[in-house]
Amino acid sequence: MRLEWLEDILAIEDTGSFSGAAERRMLTQSAFSRRIKQIEEFVGVELFDRSHKPIRLKPTTKAQRDQIVQLSNGLRQLVADLRRGDSMASNRVVIACQHSLTTGHIPSILRKMSIERDGIYVRLRSANLDACTGLLLSRQANVAIVYHTPDERDDARAYFLEEITIGTDRLIPVFNSTLPKDEPEGAGLVDIPYITYPSDVFFGHVMERSILPYLSPTIRYAPKVETALTLAAVEMAVIGMGVAWVPESLALEPISAGHLVDLSAELPVCELQIKAMRLQGNYNLAEETFWSSLKL
């Protein structure tokens, strides 16, 4: 049963005549009559009481009116969904980004872009650095947005990846109060708890390479909690569980509110670059539009 046939049946009931229904359906009366005959031949029974003026549905057809309406609405919605799905697929860009960037930077990136005007559908996939790279290389994502440190180099990537720097950030130490001063000589080392990251995640590597080796030897830093989530590290610093090194973009609001103290003047920091990456090759319109916007 075709959608147009169901709508023809309902048009005849609403108008009470073939001529009125033909006009509503934007067909000539002869063309509409042929289509009604085709419907009845397909079903195998007469659907209309032609002896009555205005024409009305036969009792058996009338009994199924609600089902006809439901089927008509359902098929119309299905057609709309299929068309929208096809449009979304051709205008979709999938972005893989590190968890902290999803919260701290992606909303502002999307806000300044013309994705609504250009009809672009954006799908965000939040993951750790390795997973983001994997999604990109397996073509499950069009663009990866990740953190890099300025001293990080991988010349091999240049052969198959296109990269642009779209922003900067800093990994800064924060706590809910200032640090205690060094104790007088002979009083022993000061113990400072801190939040650490697993060694197999990006910020774990940054801590091991760019933060921990530069801590003062006159203070004993003791790892208190380990987490892979920077947002969790921020919250643990707020409640005083330990000093946390987190992206400055995530710490600005609690610092401004007085919940955290920026300890950058006392403890080491690490500069961060925010990079967008994509595989070299052919790009769909949505991906090219998104990439061009990142360059602005």
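Strand E6 (residues 161-175) pairs with strand E11 (residues 270-279) in the antiparallel sense, and 10 bridges hold the pairing in the assignment. Within this pair, Glu162 of E6 has Arg278 of E11 as its bridge partner. The model is a predicted one, and E6 is a handy place to start reading it.

E6 has further partners. Strand E9 (residues 244-247) runs antiparallel to E6 and is joined to it by 4 bridges. Strand E10 (residues 261-262) also pairs with E6 in the antiparallel sense, here over 2 bridges. Val174 turns up in both of these pairings: its bridge partner in E9 is Ala244, while in E10 it stands opposite Asp262.

Next comes helix H11 (residues 248-256), where Leu250, Ala251 and Pro254 are buried. These three cover an arc of only 85° around the axis, so they sit on the same side of H11. That fits the usual helix geometry: with 3.6 residues a turn, residues three or four places apart in an α-helix point the same way. Glu253 and Ser256, on the other side of H11, are exposed. As for what the buried side meets, its residues pack against H6, E6, helix H10 (230-238) and E9. E6 and E9, already seen as antiparallel partners, thus both come up again among the elements packed against H11. Just past the end of H11, Gly258 takes a positive phi of about 85°.

The H6 side of this packing can be followed through Ser100, which lies in helix H6 (residues 99-104). Ser100 has a relative accessible area of 4%, which makes it buried, as the cut-off for that label is under 20%. What covers it? Setting aside neighbours within four places in sequence, Ser100 is in contact with Tyr147, Phe203, Thr230, Pro247 and Leu250. Leu250 is one of the buried residues of H11, and its contact with Ser100 puts a residue pair to the packing of H11 against H6.

Zooming out, the protein has 12 helices and 11 strands. Of its 296 residues, 41% are buried. Among contacts between residues at least 6 apart in sequence, 77% join residues at least 24 apart. The accessible surface comes to about 16,400 Å², with 52% of that belonging to carbon and sulfur atoms.

Technical notes. Residues are numbered from 1 along each chain as its sequence is written. This is a predicted model: local features need pLDDT of at least 70, side-chain atom pairs count only at pLDDT 80 or more; totals for chains, interfaces and linings use all residues. Side-chain values use heavy atoms; hydrogens and water are left out. Buried means under 20% relative accessible area, exposed over 50%, partly exposed in between (1.4 Å probe, protein chains only). Contact means heavy atoms within 4.5 Å. Accessible areas come from the Shrake-Rupley method with a 1.4 Å probe; for residues, only the protein chains shown count as cover. Two strands pair if DSSP finds at least two bridges between them. The arc is that of the directions from the helix axis to the C-beta atoms.
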